[in-house]
Amino acid sequence: MSATTSPTRIARIDDLALPLRHVDDVFVEGAWVRADSSERRAVVDPATSVEWGSVPVGNRADLDAAVASARHAFDRGSWPRMSPSGRAEILRRAAARLEAYAEPLALTNTLENGTPVAESGGAAANAASILRYFATPAPVLEADDVRAAPSGTHETLVQRDPVGVCALIAPWNFPINLVVVKLAPALLAGCTVVIKPASLTPLSIRFVIESLREAGLPAGVVNIVTGPGSFGEELVRHPGIDKVAFTGSTDVGRTIARHCGELLRPVTLELGGKSSALVLPDVDLSVLRSRLIRSSLRNTGQTCYISTRILVPVSRHDEIVEAIVETVAAAPQGDPLDPATVFGPAASAAQQRSVLAHLVTAREQGAEVVLGGRAAELPEPFAEGVFVEPTVLDGVTADMTIAREEVFGPILTVLSYGDVDEAVDLANSTDFGLGGIVFGADEEAALRIAERMDSGSVGINLFASNHAAPFGGRHDSGLGVEYGPEGLSAYVAYKSIHRRLRA
Ligand code: NDP
């Protein structure tokens, strides 16, 4: 696709208050410094396929410099030796700075990956709330933890050290949230970090770095480099790294897990999902309609935990499918910079191709298209954009590829069940275990069903995040959890110091 086919949109991008476009620097040792590599990668607006920015494609010298910076800050710097309360204060200051960047951050995010501004507009506030949440356990980290031995002969002082230099690798679908949920607990614990954002979304995260710099974070504590997946793999294996935290695809997660296994390097993996919305026979259709997009198609279907398999009782199949189709068809698709837009483009041309290939396979395997089903053609200036029609497929069975593999596009599949036991079996019949939702008027009955779903998180008539509760996947959806005290503990190394009982 040509980079010059959408002059209207180029003019619009030029009119936007975007402080970041073409950059040749990386953040190392507390400053934006010119990258060693002279190679650049374009940043493309998927709504038009216009190239509007670029970043360095890092080389080994850039990687070594970033890791050495983080290593020095950890081994010799003030950050790991500062009190947790002192670190928490900097997180709180950074949260306030970040909120001030909400608008340029949202525009940058939307132009990187097509996330509608209705979604990206909340990214800074959400990240700020995560920073503030992870400031709150500071007193827990600094409290004395002395445990008497059951034998009565001695006691042990349990010390909580930071785990070390962390590699943080994030995908493109929520480029701020999925970095900050790693960064905030790592920083509170006293770790230092090297961040590698996804190649599609390398610019918006710089507002987070800038907020931390303005908040007084010491040099070297946070470093950011940009480069392809192979560069991320070099980071994972770098001898200066102590821990890896990754969100992305299951295939890449397995590769990272293999490296970390060989190196005995702790790793947290937040991977793909294929979650189910189990619609009980007593469902209130107005609740289903009001929650469906958020729980099953959030961010144009590019969200790891969404429940894209809709499990419908045969007894109410037709009216439920009608409600689903009406709800999806009524949600506007178009310019992601328009606050009314619900469905934007796919994040990239490659992602659009992947989603369309899934639709071809689904049809070949017998799924029935009841809404959408093709690439969406929009008028100028979006004619070159990479949109997919919001789609509902009925008659899907558990053995079909579309019911088993993560699609990451605006596609819902309807699977029918006879009784509730069959529905639970269907929900648990994938290789994943990340999200899920139960829709039912009797919330106690719905809770009993949620308890039987083999998944890290399940909602009842809603799916809402909670910074204080663990979030993570089972089976092919990952290893370990993020958020909550459990998420913080991934960045803590425990040390037991034994001593004689004091009189
Ligand atoms: P990837 O897993 O390929 O990428 C995630 C991050 O890892 C990116 O920063 C990527 O860099 C980096 N990376 C890629 N290969 C390696 C490697 N070998 N070692 C270390 N880091 C690596 O996801 P994609 O963005 O390509 O998306 C592919 C599919 O993954 C999607 O279609 C979707 O199914 C799933 N996905 C799941 C997400 C989730 O939240 N569960 C999020 C995003 C995607 P780079 O961008 O430079 O390739």
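Let's start with helix 9, where the buried residues are Arg-206, Phe-207, Val-208, Ile-209, Glu-210, Ser-211 and Leu-212. That makes seven of the nine residues in this helix, which runs from 206 to 214, so the helix is mostly covered. Just after helix 9 comes Gly-216, with a positive phi of about 100°. Please keep in mind that everything I show today comes from a predicted model.

Now, the overall layout. The domain assignment splits the protein into domain 1, made of 14-271 plus 478-495, and domain 2, which is 276-466. Notice that domain 1 is written as two stretches of the chain. From one domain centre to the other, counting C-alpha atoms, the distance is 30 Å. How many residues of domain 1 touch domain 2? There are 24 of them, and they are in contact with 30 residues on the domain 2 side.

A word of background here: people often describe the size of an interface by the accessible area that is lost when the parts come together. For our two domains, that buried area is about 1900 Å², and carbon and sulfur atoms give 61% of it. On the domain 1 side, the residues that lose the most area to domain 2 are Ala-47, Pro-116 and Trp-172, and together they make up 25% of what that side buries.

Let's move on to some strands. Strand 7 covers residues 165-169, and it pairs in the parallel sense with strand 8 over five bridges. Strand 7 also pairs with strand 10, again in the parallel sense, over four bridges. You can find the partners on screen: Cys-166 stands opposite Val-193 in strand 8, while Ala-167 stands opposite Val-244 in strand 10. Going one step further, strand 10 pairs in the parallel sense with strand 11, residues 267-270, over four bridges. There, Ala-245 stands opposite Thr-268.

Are the residues of strand 8 buried or exposed? Five of five, from 192 to 196, are buried. In a regular strand, side chains alternate between the two faces of the sheet. Strand 8 has Thr-192, Val-194 and Lys-196 on one side, with Val-193 and Ile-195 on the other, and both faces are covered. Strand 10 gives us a similar picture to look at. Its five residues, 243-247, are all buried, so the strand is largely enclosed by the rest of the structure. Lys-243, Ala-245 and Thr-247 point one way from strand 10, and Val-244 and Phe-246 point the other way.

Next, the cysteines. How many disulfides does a search of the whole structure find? Zero. Why does Cys-166 not form one? Its closest cysteine sulfur, in Cys-191, is 3.9 Å away, and that is too far for a bond, because a disulfide needs the two sulfur atoms within 2.5 Å. Cys-304 is in no disulfide either, and the nearest cysteine sulfur, in Cys-260, is 19 Å away. Both residues count as buried: Cys-166 has 0% relative accessibility, and Cys-304 has 11%.

Cys-166 brings us to Tyr-491, which has Cys-166 among its contacts. Where does Tyr-491 sit? It is in the loop between helix 19, residues 484-489, and strand 22. With 3% relative accessibility, Tyr-491 counts as buried. Beyond its sequence neighbours, its contacts include Asp-161, Leu-168, Lys-182, Cys-191, Lys-243 and Ala-245. Here is a nice one for anyone new to folding: Tyr-491 and Arg-160 are 331 residues apart in sequence, and their C-alpha atoms are 9.6 Å apart in space.

Strand 22 belongs to an open sheet of three strands, in the order 5-6-22, with antiparallel pairing. The edges are strand 5, at 146-148, and strand 22, at 492-500, and each of them pairs on one side only. Neighbouring strands in this sheet are turned by 30° against each other on average, ignoring direction. Strand 6, residues 154-162, is joined to strand 22 by nine bridges. One of the pairs to look for is Thr-156 with His-498.

Last stop: helix 12, residues 285-296, where the buried residues are Leu-285, Leu-288, Leu-292, Ile-293, Ser-295 and Ser-296. They pack against several elements, including strand 12, helix 13, helix 14 and strand 18. Thanks for listening!

Technical notes
Residues are numbered from 1 along each chain as its sequence is written. This is a predicted model: local features need pLDDT of at least 70, side-chain atom pairs count only at pLDDT 80 or more; totals for chains, interfaces and linings use all residues. Side-chain values use heavy atoms; hydrogens and water are left out. Buried means under 20% relative accessible area, exposed over 50%, partly exposed in between (1.4 Å probe, protein chains only). Two strands pair if DSSP finds at least two bridges between them. Helices (H or I, at least four residues) and strands (E, at least two) are DSSP runs, numbered from the N terminus. Axes are lines fitted to C-alpha atoms, for helices over the stretch in contact, and angles run from 0 to 180 degrees between N-to-C directions. Domain bounds come from an automatic or database domain assignment. Contact means heavy atoms within 4.5 Å. Buried area is the accessible area (1.4 Å probe) that two parts lose on being put together, summed over both. Lists of a residue's contacts leave out its neighbours within four places in sequence.
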